[in-house]
Each structure stands twice: as structure tokens, then as C-alpha cells.
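Take a moment with the model before reading on. The paragraphs below start from one residue and then widen out.

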Amino acid sequence: MTNDHDEKDEEREEVIAEEEEEGVLSQRLKEELREVQKQRDEYLAGWQRAKADAINARRQEERSREIFVKMAARAALQDFLALADSFEEAMRSLPDGEKHLIMPLYEQLKTLLGQHGVKEIEIKNGDQFDPAMHEALEGEGEVIAEVFQKGFMLYDKVLRPARVKVKR
């Protein structure tokens, strides 16, 4: 029986040794798992930041492109305003019987400008001077005395201020 007892003790010792070894192994695996999970979280966070940066860069590029297109359109439309000024000068200098010769072209130009969001700043003598929409070329004061050149808006922004004479 001592042999049986000794064998059982040996088996118990082996089981205890295995359990201790498994415990150490289990602990080591748990530590490795935590480290791998930590790396995974870092990689995920980095990927999410990179994705957000890419989205923000794309949005910024779109905004920059929109601004460029608007600025280019604004410059082109300002050039057309010079043409409109020339038409108006021609209309003033032509005899009444000949104005009909250029009137259709002038109206077509005004329609074209309107289709692109350009509209005339409505002012008349006696209106209040607004430095955001008017440029005073002569005089001092707050009342518009004379309009030298029409002003225009492009949607909600001044494309060209009206050039005026002011008085008190």
C-alpha cells in the first residue's frame, strides 16, 4: 500500500506542478493578450485619426476649389462690368434715333450678368451714404448727391461699389 500511496503522492505532485506551470503559462498569456489588445487599440486610434485627417483634407480641398472658382468668376464678372459701363456711355452719346442699334446687345449683357448673380445696387440722389456699398469720390457728408458710376452686387457681396458724390 505504501507503493500505492507513494504513486498517488507522486501523481498529486505532478498534477500540482502542472497546475502551477499552467498558472504561470495562463498568466503569461493573459499579459501577452493585454499587450496585443493595447497595440490593437493604438493602431485603431491611429487609423481613425488618419481617416479623419483624410476626410478633413478632402473637405478643405473642396472649399479651396469653391473659393477659387468664385474668385475667378468674380474677376471675369468685373471685366464684364467695364463692358456694361462702355455700353451705357455709348447709349448716352448716341442720338435717340440710333440707340436701338446697341440696346439689344446691352440688354443681353444685363441678362447674362443677372443669370450669374450680378445685380445693380439701387441708389438715387438723396439716399444715405453706406461705405460698405458706396465709394465717395467727392464731397463730405452722409447723403448721396450724385452717382458717377453704378455699383453691383454678386449675390450678397459687393462686386463693385457705387462711385458717388456726397454732401451733408
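Is Glu-120 buried, partly exposed or exposed? This is a predicted model, and in it Glu-120 has a relative accessible area of 31%. Buried would need a value under 20%, and exposed a value over 50%. Glu-120 therefore counts as partly exposed.

Glu-120 belongs to strand E1, which covers residues 118-120. Beyond four places in sequence, Glu-120 touches Lys-150, Gly-151 and Phe-152. With Lys-150 the link is polar: the two side chains make a contact of 3.4 Å. With Gly-151 the backbones can be compared. The C-alpha atoms of Glu-120 and Gly-151 are separated by 6.0 Å, although their positions lie 31 residues apart along the chain, counted as the sequence offset.

Now step back to the whole chain. The protein has two helices and six strands. Read from the N terminus, the order is α-α-β-β-β-β-β-β. Helix H1 takes in residues 2-93, and helix H2 takes in 103-115.

What radius of gyration does the protein have? The value is 41 Å, whereas a compact globule of 168 residues would have one near 15 Å. The principal axes give the extents: the C-alpha trace spans about 140 × 40 × 15 Å. Buried residues make up 15% of the 168 residues. The exposed surface is about 13100 Å², and carbon and sulfur atoms supply 53% of that area.

Charge and contact order complete the overview. There are 27 positive and 39 negative side chains. The centres of the two sets lie 15 Å apart. Take the contacts between residues at least 6 apart in sequence: 54% of them join residues at least 24 apart.

Go next to the loop between helix H1 and helix H2, where Leu-94 sits. Its relative accessibility is 24%, so Leu-94 counts as partly exposed. Outside its neighbours within four places in sequence, Leu-94 is in contact with Lys-99 and Ile-102.

The strands hold two buried residues worth a look. One of them is Arg-160, in strand E5, residues 157-160. How is a charged side chain placed here? Arg-160 has a relative accessible area of 10%, so it is buried. A polar atom of the Arg-160 side chain lies 2.8 Å from the backbone oxygen of Lys-150. Setting aside residues up to four places away, Arg-160 touches Leu-81, Asp-85, Ile-121, Gln-149, Lys-150, Gly-151 and Phe-152. Lys-150, Gly-151 and Phe-152 were also named as contacts of Glu-120.

The other is His-134, in strand E2, residues 134-138. With a relative accessible area of 7%, His-134 is buried. Its contacts beyond four places in sequence are Ile-123, Gln-128, Phe-129, Ile-144, Pro-161, Ala-162 and Val-164.

End at the loop between strand E4 (152-154) and E5, which holds Tyr-155. Is Tyr-155 buried or exposed? Its relative accessible area is 55%, so Tyr-155 is exposed. The backbone of Tyr-155 also stands out: phi is positive, about 55 degrees, although the residue is not a glycine.

Notes:
Residues are numbered from 1 along each chain as its sequence is written. This is a predicted model: local features need pLDDT of at least 70, side-chain atom pairs count only at pLDDT 80 or more; totals for chains, interfaces and linings use all residues. Side-chain values use heavy atoms; hydrogens and water are left out. Helices (H or I, at least four residues) and strands (E, at least two) are DSSP runs, numbered from the N terminus. The radius of gyration is taken over C-alpha atoms; the globule rule is 2.2 Å times the number of residues to the power 0.38. Buried means under 20% relative accessible area, exposed over 50%, partly exposed in between (1.4 Å probe, protein chains only). Contact means heavy atoms within 4.5 Å. Accessible areas come from the Shrake-Rupley method with a 1.4 Å probe; for residues, only the protein chains shown count as cover. Lys and Arg count as positive and Asp and Glu as negative; His and the chain ends are not counted. The place of a charge is taken as NZ of Lys, CZ of Arg, CG of Asp or CD of Glu. A polar contact is a pair of N or O atoms within 3.5 Å; within protein, one must be able to donate a hydrogen and the other to accept it, and residues adjacent in sequence count only if both atoms are side-chain atoms.
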